[in-house]
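Q: I'm new to this one and would like to learn how to read it. Could you walk me through it, feature by feature?

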Amino acid sequence: MKKYLIRTFGCQMNEHDSEKISWVLEGMNYRSTDREEDADLIIFNTCAVRKSAEERVYGQIGELKRLKRIKPGLIISICGCMMQRDEVLEIITSKHRHVDIIFGTNNIHKLPQLINNHEKTGETIIDIVEENREIDESIEANRKYSFKSFVNITYGCNNFCTYCIVPYTRGRERSREPEYIIEEIEKLAKTGCKEVTLLGQNVNSYGKTLDKEYSFADLIRDIHKIDGIERIRFMTSHPKDISDELISLYGELDKLCNQLHLPIQSGSNRILKLMNRKYTREDYLKIIDKVRRVKPDISITTDLIVGFPGETEDDFNDTLDLVKKVGFDSAFTFLYSVREGTPAANMKDQVDDEVKNQRFQRLMEVLHPIGLEYNRRYLDQTVEVLVEEVSKNNEEILNGRTNSGKLVHFKGDKGLIGELVDVRITKAKTFTLEGVLVDQ
Ligand code: SAH
Ligand code: SF4
Ligand code: F3S
């Protein structure tokens, strides 16, 4: 029996693609391993969103040269978003010649054929499809968890935010037919799945490429009817497309999780315009106000970029001000990273690294106390937690998530994994909560 190992970088989209790759490989009788030494096939599923992510991949690929020398039969493959960039392909094929198979984000289904070709010819196989308008519904996923699942609803992105590489690596936006989505979730529910996370670069524009009138809100209503599904999450929402109908669902549907991830990127209208985000800070604050009127205790999280080209001290202060005004539960924060081929890469006034780092630090200092304050609101409350796994550092501790997406650590038996349990919160930290199981 041959063994495979997949190293995944990047977002949930990639995590889920790796689950699909795993399904394809298990169908070829491969079995998974965590040890590089035992693997016959090592696949890197890569992310191109920031330079640092790419550099990590180059580093790890380089390190495999040694293993490949000892074990010449080892197949090394790279796929995912980086492979959709010509510049990267050139580097891999010239400097990392020990890589055997290169494929893109649109042709996971072809993997068996690519492996066979490589085994027959011993040559480096490259298969990149620029864009795939037809959605391939034949691939299933070998999911990491049985009780919570990612489900794709849209692929690609049409927004072309000026800093972002994703529209170039994932192609144009396409919505899956609702029938396929519902069928997939019904099947998942029958095998014990309690929580689904609907995935798309901009879930709010779901439905635009369908032949019929059917919106993201319609889709959520239909998923809500599925027995066994207890929690519905989604990501990511773009503020320009969030509808009042969706916001009102928060007050209607109890399975819709008490959480909204709504990337703002910057609090400066001038920068938002340069980013091509198509909303203002005022629009954003209005949305938050509407959402909180429907659901006052909702957890709101965001993405922020520090040091976009031309960002002045005033622009950055607008971001700090907005962060305070909204009060985010938490945020993913990024230093702007130049991505060749995107409009922002050629913009004047790129911000100095040192300035970027200082601003990043100042942003943390504003974000963290707010996050802690929100987490303190959970103290002494009993919350429902979906138990996910045993803690990596301590076998007696379980990790789970609240309906609002907060990570909770508590003592418990691993037999509870996959169950919804009640936990009383005893300690609140900036990023996590701690608690004790409540007898049921
Ligand atoms: N489609 C999603 C996010 C995809 S990328 C959305 O629109 O929200 C995830 C995050 O990476 C983005 O929200 C942004 O904050 C960050 N990001 C994207 N390109 C970047 C770049 N060039 N430099 C730094 N951060 C970037
Ligand atoms: Fe990138 Fe913008 Fe599309 Fe998100 S919406 S993937 S940030 S281009
Ligand atoms: Fe995701 Fe990175 Fe690709 S964020 S879509 S894996 S570029």
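Q: Let's begin with a loop. Where is T236 found?
A: First, how the model is described: this is a predicted model, where local features need pLDDT of at least 70, side-chain atom pairs count only at pLDDT 80 or more, and totals for chains, interfaces and linings use all residues. Residues are numbered from 1 along each chain as its sequence is written, chains are lettered from A and ligands numbered from 1 in the order in which they are written, and side-chain values use heavy atoms, with hydrogens and water left out. Now the general idea: helices (H or I, at least four residues) and strands (E, at least two) are DSSP runs, numbered from the N terminus. In this structure, T236 is found in the loop between β11 (231-235) and α8 (244-252). The peptide bond leading into T236 from M235 is cis, with omega near 10°.

Q: Which residues are around ligand 2?
A: A residue counts as near a molecule or strand if one of its heavy atoms lies within 4 Å of it. For ligand 2, the surrounding residues are C157, N159, F160, C161, Y163, C164, V166, P167, Q201, H238 and R277.

Q: And how do the residues of that shell around ligand 2 divide?
A: The sorting goes by residue type: Ala, Val, Leu, Ile, Met, Phe, Trp, Tyr, Cys and Pro count as nonpolar, Asp, Glu, Lys and Arg as charged, and the others, Gly among them, as polar. Around ligand 2 that gives seven nonpolar, three polar and one charged.

Q: What about ligand 3: which residues surround it?
A: Ligand 3 has C11, N14, C47, A48, V49, C81, R170 and Q201 around it. Its shell divides into five nonpolar, two polar and one charged. Q201 turns up in the list for ligand 2 and again in the list for ligand 3.

Q: I see cysteines there. How many disulfides does a search of the whole structure find?
A: A disulfide is a pair of cysteine sulfur atoms within 2.5 Å. The search of the whole structure turns up zero. Take C257, which is in no disulfide: the nearest cysteine sulfur belongs to C193 and is 12 Å away.

Q: Is C257 buried or exposed?
A: Here's the rule: buried means under 20% relative accessible area, exposed over 50%, and partly exposed in between (1.4 Å probe, protein chains only). C257 has a relative accessible area of 2%, so it is buried. C164, from the ligand 2 list, counts as buried because its relative accessibility is 15%.

Q: Next, helix pairs. At what angle do helix α2 and helix α3 pack?
A: Axes are lines fitted to C-alpha atoms, for helices over the stretch in contact, and angles run from 0 to 180 degrees between N-to-C directions. Helix α2 (residues 51-70) and helix α3 (residues 86-95) pack at about 15°, and their axes are 12 Å apart. Angles under 35 degrees count as roughly parallel, over 145 as roughly antiparallel, 65 to 115 as roughly perpendicular and the rest as oblique. That is why α2 and α3 are called roughly parallel.

Q: Is the crossing of α2 and α3 left-handed or right-handed?
A: A crossing is left-handed if the near helix is turned anticlockwise from the far one by less than a right angle, and right-handed if clockwise. The crossing of α2 and α3 is right-handed.

Q: How far apart are the axes of α7 and α8?
A: The axes of helix α7 (residues 216-224) and α8 are 9 Å apart, and the packing angle is about 25°. So α7 and α8 are roughly parallel to each other, and α7 passes α8 in a right-handed crossing.

Q: Which sign does phi have at D349?
A: D349 has a positive phi, about 60°, although it is not a glycine. This residue lies in the loop between β14 (330-335) and α12 (353-376), and it counts as exposed because its relative accessibility is 55%. In space, D349 is 4.9 Å from G310, C-alpha to C-alpha, while the two are 39 residues apart in sequence. G310 itself is found in the loop between β13 (299-306) and α11 and is buried at 16% relative accessible area.
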